[in-house]
Amino acid sequence: QREEERYFKITKRLENGEVEGDWKSPEARKEFKTRLKTMYDMLFTQCMKAGVTHPGFLPIGLGAFLPRIQSDDVKTVYHEAQFELLAERDYNFKYYFLNPGPGRRQAQDIRDNYPFKTNVVLHTKNGKFLATELARAGYSTCCLNPSDCIAMMNGCMGYWWEVGKGSRYVGEEDIVATSTFGLSSKTISTAYDSARVIGHAPLNSTVMHEFSLSI
């Protein structure tokens with residue numbers, strides 16, 4: 001079943017390939033947010049289990065692989081899911097750093113509506129740089145790599161990183177092309193089998209979380 005059919009009703013297909021429509025129902029919007037909350041809860045919980053206190057997150061999806069229906073509201077739902085969890089549950093985060101990317105306006109519009117159990121910081125900095133500097137300062141941090149399902153199935157960290165910087169070059173490709181974060185992936189590296197490598201890792205407080213998402 002195609003993702004748009006679960007959440008949206010398409011009322012018109014345009015000649016340029018775009019579509020017009022709306023949420024299928026109020027319940028469909030709620031179902032979409034519940035799905036996102038489940039995803040974010042898994043990520044936050046794994047961070048907590050790893051002892052991460054200063055996580056650095058990047059935007060995941062924001063509807064990029066969905067039809068452009070209610071695009072602004074879709075971005076809002078992504079941030080509602082994160083903010084509701086951070087207000088409802090204590091994941092032992094001291095700070096939650098989020099670069100909302102294209103959803104910055106939506107994140108700013110709703111941030112003050114939530115009584116967070118942590119300090120939520122919206123920023124525009126490079127995710128790798130933030131994680132590196134936090135780790136150097138002695139904080140337990142992470143950098144989210146939102147690789148898509150095809151990338152993960154092929155054992156890669158990003159989708160098109162092998163061809164260098166091109167029209168499809170985005171954050172997940174940049175992480176692989178310009179950092180050593182790839183060493184944290186057991187699918188493409190045996191670094192974690194080496195006590196020597198682990199013992200000499202300069203940023204051993206940086207945790208890399210991989211995630212595959214189909215929306």
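This is a short tour of strands, salt bridges and cysteines, to be followed in the viewer one selection at a time. Keep in mind throughout that the model is predicted.

**The parallel strands**

Begin by selecting residues 54-57, which form strand β3, together with residues 95-98, which form strand β4; these two strands pair in the parallel sense over two bridges. To find a point of contact, pick Phe-57, whose bridge partner in β4 is Leu-98. Now add helix α3, residues 71-88, and you will have a right-handed β-α-β unit made of β3, α3 and β4.

Keep β4 on display and add strand β5, residues 119-122, which pairs with β4 in the parallel sense over four bridges. Here Tyr-96 is a good residue to pick, since its bridge partner in β5 is Val-120. On the way from β4 to β5 the chain passes through helix α4, residues 104-111, and this β-α-β crossover is also described as right-handed.

**Salt bridges between two helices**

The whole structure holds 11 salt bridges. Select Lys-33 and Glu-80, which form one of them, with their closest N and O atoms 3.1 Å apart. Lys-33 belongs to helix α2, residues 26-49, while Glu-80 belongs to helix α3, so the pair ties together parts that are 47 residues apart in sequence. Lys-33 is buried, at 16% relative accessible area, and Glu-80 is buried as well, at 12%.

Next select Glu-84 and Lys-37, which form a salt bridge with the closest N and O atoms 3.1 Å apart. This pair, too, links distant parts of the chain, with Glu-84 in helix α3 and Lys-37 in helix α2, and both residues are buried. To see the wider setting, add Arg-29, Asp-73 and Glu-88, which are linked with Lys-33, Lys-37, Glu-80 and Glu-84 in a network of salt bridges.

**A salt bridge within one helix**

Move to helix α5, residues 127-136, where Glu-133 and Arg-136 lie three residues apart, about one turn of the helix. Their side chains meet in a salt bridge of 3.1 Å, N to O. Glu-133 is partly exposed at 35% relative accessibility, whereas Arg-136 is exposed at 62%.

**Two cysteines**

Finally, select Cys-47 and Cys-142; why do they not form a bond? The sulfur of Cys-47 has its closest cysteine sulfur in Cys-142, but the separation is 3.9 Å, which is too far for a bond, because a disulfide requires the two sulfur atoms to be within 2.5 Å. The count of disulfides is accordingly zero. Both cysteines are buried, Cys-47 at 1% relative accessibility and Cys-142 at 2%.

Definitions and conventions: Residues are numbered from 1 along each chain as its sequence is written. This is a predicted model: local features need pLDDT of at least 70, side-chain atom pairs count only at pLDDT 80 or more; totals for chains, interfaces and linings use all residues. Side-chain values use heavy atoms; hydrogens and water are left out. Buried means under 20% relative accessible area, exposed over 50%, partly exposed in between (1.4 Å probe, protein chains only). Two strands pair if DSSP finds at least two bridges between them. A crossover is right-handed if, with the strands pointing away from the viewer, the path from the first strand over the helix to the second runs clockwise. A salt bridge is a side-chain nitrogen of Lys or Arg within 4 Å of a carboxyl oxygen of Asp or Glu.
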